[in-house]
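Visitor: I should like to understand how the terms used for a structure are justified. Would you take me through the reasoning?

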Protein chains: 2
Amino acid sequence: MAKPENRTAVEDYLKVIFSLGEWQEETVSNAAVAARLGVSTSSVSEMARKLADSGLVAHKRYGGMRLTDEGLEQALRMVRRHRLVETFLVRSLGYSWDEVHDDAEVLEHAVSTLMVDRMDDQLGRPWRDPHGDPIPTPDGVLHQPAAEPLAASTAGERRFVARIDDDDPALLRWFADTGIAVDAEVVVRERKPFGGATRLEVTPPGAAAGVTHEVELGAQAVAALLVSLEPASPDPLNDKGCHYVGCRHIGVPRVSEKNR
Amino acid sequence: MAKPENRTAVEDYLKVIFSLGEWQEETVSNAAVAARLGVSTSSVSEMARKLADSGLVAHKRYGGMRLTDEGLEQALRMVRRHRLVETFLVRSLGYSWDEVHDDAEVLEHAVSTLMVDRMDDQLGRPWRDPHGDPIPTPDGVLHQPAAEPLAASTAGERRFVARIDDDDPALLRWFADTGIAVDAEVVVRERKPFGGATRLEVTPPGAAAGVTHEVELGAQAVAALLVSLEPASPDPLNDKGCHYVGCRHIGVPRVSEKNR
DNA sequence: GATAGAAGTTAGGCATGCCGAACTCCGAGA
DNA sequence: TCTCGGAGTTCGGCATGCCTAACTTCTATC
């Protein structure tokens, strides 16, 4: 009988440490990890020591923690699994984009390497998931689009929705209703002061040119959107080897590159 | 963060207790469960008590154990998951029938009800898995074909392969090579004495009438085959409401039947 | 019917991963 | 520089599930 092989906890910790550090390069605090995983800080301390012992995180007592190269590699493997599973559930099993997260969270610990490969094949090697989050390559590199929070973008200038935070299913459903999706073209028309609403002109992806409408977004909705200056390149990759202009590469390639 | 929710162990025990009792109605012995799960008998004793406490098995001290109605219901749910997952891996992800078992063993604990339903939809509500094992219905009933071991069938008489034991991947690959598959038509031509080989005339499923060949099976191969007197009915069900003539129904339907 | 050996159970331990409570460190402000 | 409070750690405990070793019960045979 196959053993569940409770690597689950370690995998979850690595993933969380990675994602909390994904945007800012800083170290990650014990408290942040505890909050994200819904466990006590004492549990995090304990696990931090274990992870440090196995060389997956660098951790100074009373200081923050940071993934080592090996930890980063494993974390990216988990991120790849999670995002491929989400893509598979949506494209092959008819899930809507607000339904996938919880199931993917469980499945990512259960799918074999063979299954990951088969899903990847069947999906035609997707490079991002239904929420626009980039899928690490099989050799462990994350191509991270140069995207900024919608809140930071200049009113009147054209932006493209690159990633949408998938934390809140209700918000995702609302986005779907209002035509806000990955690759939608958006222009900020007006920002009401003191955390007020943002008026946005939206061109849904694939819509005929000029087919736009206006939507009013609250602060929570604005915070869930990351936008980029340039549209994403469709497959295949653009001449920089990426789907986005301006792309940060995270992770150490597992397979040495030929041309170097 | 989703918790792994270690129901895994309980689920495995229920499944094993069910499958050890599937063919003979007797109670299941501690030792048999231990051997199948690869754990010690003391672990089984412990778990037996816990399962008895939660009302999932009936267990007399120093005696065998047997699933209660509730335990049977849960076991059949797991069997359904396992067999649907296997069918999905083969039909939708291109696994070969000798590759699916281990992955299914892990996934059956991880797939949500939603995912089970979606797989079932996509597969067109299959009633058996790639090895011919019947898939319990969503309301918890197993339609078990009236099949007998190949070893028990009379020489010279026509039989139909109903189920193939999926324990040994190498054997499954060999069966595939020799045209032995679910629904193949077989006639025992000769049985050599003292556990010797069995000569079998095989008509692979879907082959033109008369396209047969002979295969010599060793004892292990013979033991892996269950055959029935009648061919299985294709979808939809035959007039008895089953895919097989002569069918034992196992399990208490969860949803009360309308016509009663 | 006595009894030996097989089958099953209990006891005591180990590992994981979680918790709350108590303690320690560190740095910001007095 | 001192100190106080928050962040981080350590400690003792709990639950699960597994193990080995010792013990109990059942049963088949004499």
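Guide: The questions below deal with the two protein chains, the DNA strands, the sheets and two loop residues. Please note that the model is a predicted one.

Visitor: What makes chain A and chain B partners in contact?

Guide: The cut-off for contact is heavy atoms within 4.5 Å. By that test, 29 residues of chain A are in contact with 29 residues of chain B. The area buried between the two chains is about 2500 Å², and carbon and sulfur atoms give 65% of that area.

Visitor: Why is the meeting of A:E99 and B:R118 called a salt bridge?

Guide: The term requires a side-chain nitrogen of Lys or Arg within 4 Å of a carboxyl oxygen of Asp or Glu. The side chains of A:E99 and B:R118 are 4.0 Å apart, N to O. The pair therefore meets the definition, with its value at the cut-off. The count between chain A and chain B is one salt bridge, while ten residue pairs are in polar contact, both residues being at pLDDT 80 or more.

Visitor: Which elements of chain A give two or more residues to the side that touches chain B?

Guide: They are α1 (8–21), α2 (30–37), α4 (69–93), α5 (100–107) and α6 (113–122) of chain A. The largest share, five residues, comes from α6(A). By type, the residues on this side of chain A divide into 16 nonpolar, six polar and seven charged.

Visitor: Let us turn to the DNA. What makes a residue count as near DNA strand C, and which residues are closest?

Guide: One of the heavy atoms of the residue must lie within 4 Å of the strand. DNA strand C is surrounded by 19 residues, and the closest are A:S40, A:S43, B:N30, B:S42 and B:S45. At least two residues of this surface come from each of α1 and α3 of chain A and α2 (30–37) and α3 of chain B. The surface near DNA strand C divides into six nonpolar, eleven polar and two charged residues.

Visitor: How do you know that A:S43 makes a polar contact with DNA strand C?

Guide: The limit for a pair of N or O atoms is 3.5 Å. An N or O atom in the side chain of A:S43 is 2.6 Å from a phosphate oxygen of DNA strand C, so the pair falls within the limit. The same limit admits A:Y13, with a polar side-chain atom 3.2 Å from a phosphate oxygen of this strand, and B:H59, at 3.0 Å from a phosphate oxygen. Of the atoms of DNA strand C within 4 Å of the protein, 62% belong to sugar or phosphate and the rest to bases.

Visitor: What does B:E46 approach on DNA strand D?

Guide: A polar side-chain atom of B:E46 lies 3.3 Å from a base nitrogen of DNA strand D. For A:H59, the partner is a phosphate oxygen of DNA strand D, at 3.0 Å. B:Y13 has a polar side-chain atom 3.3 Å from a phosphate oxygen of that strand. Each value lies within 3.5 Å, and each pair is therefore a polar contact.

Visitor: Why are β4 and β8 of chain A said to stand at the edges of their sheet?

Guide: The open sheet of chain A has six strands in the order β4-β9-β5-β6-β7-β8, with antiparallel pairing. β4 (148–149) and β8 (213–217) each have a single partner strand, so one side of each is left without a neighbour in the sheet.

Visitor: How do you know that β6 and β7 of chain A pair?

Guide: Pairing requires at least two bridges between the strands. β6 (residues 185–191) and β7 (residues 198–203) of chain A are joined in the antiparallel sense over six bridges, and they therefore pair. Within this pairing, A:E185 stands opposite A:T203 in β7(A).

Visitor: What makes A:R125 and A:D183 worth pointing out?

Guide: Most residues other than glycine have a negative phi. A:R125, although not a glycine, has a positive phi of about 55 degrees, and this residue is in the loop between α6 and β3 (142–145) of chain A. A:D183 is likewise not a glycine and has a positive phi of about 80 degrees; its place is in the loop between α7 (169–177) and β6 of chain A.

Note on methods: Residues are numbered from 1 along each chain as its sequence is written. Chains are lettered from A and ligands numbered from 1 in the order in which they are written. This is a predicted model: local features need pLDDT of at least 70, side-chain atom pairs count only at pLDDT 80 or more; totals for chains, interfaces and linings use all residues. Side-chain values use heavy atoms; hydrogens and water are left out. Buried area is the accessible area (1.4 Å probe) that two parts lose on being put together, summed over both. A polar contact is a pair of N or O atoms within 3.5 Å; within protein, one must be able to donate a hydrogen and the other to accept it, and residues adjacent in sequence count only if both atoms are side-chain atoms. Helices (H or I, at least four residues) and strands (E, at least two) are DSSP runs, numbered from the N terminus. Ala, Val, Leu, Ile, Met, Phe, Trp, Tyr, Cys and Pro count as nonpolar, Asp, Glu, Lys and Arg as charged, and the others, Gly among them, as polar.
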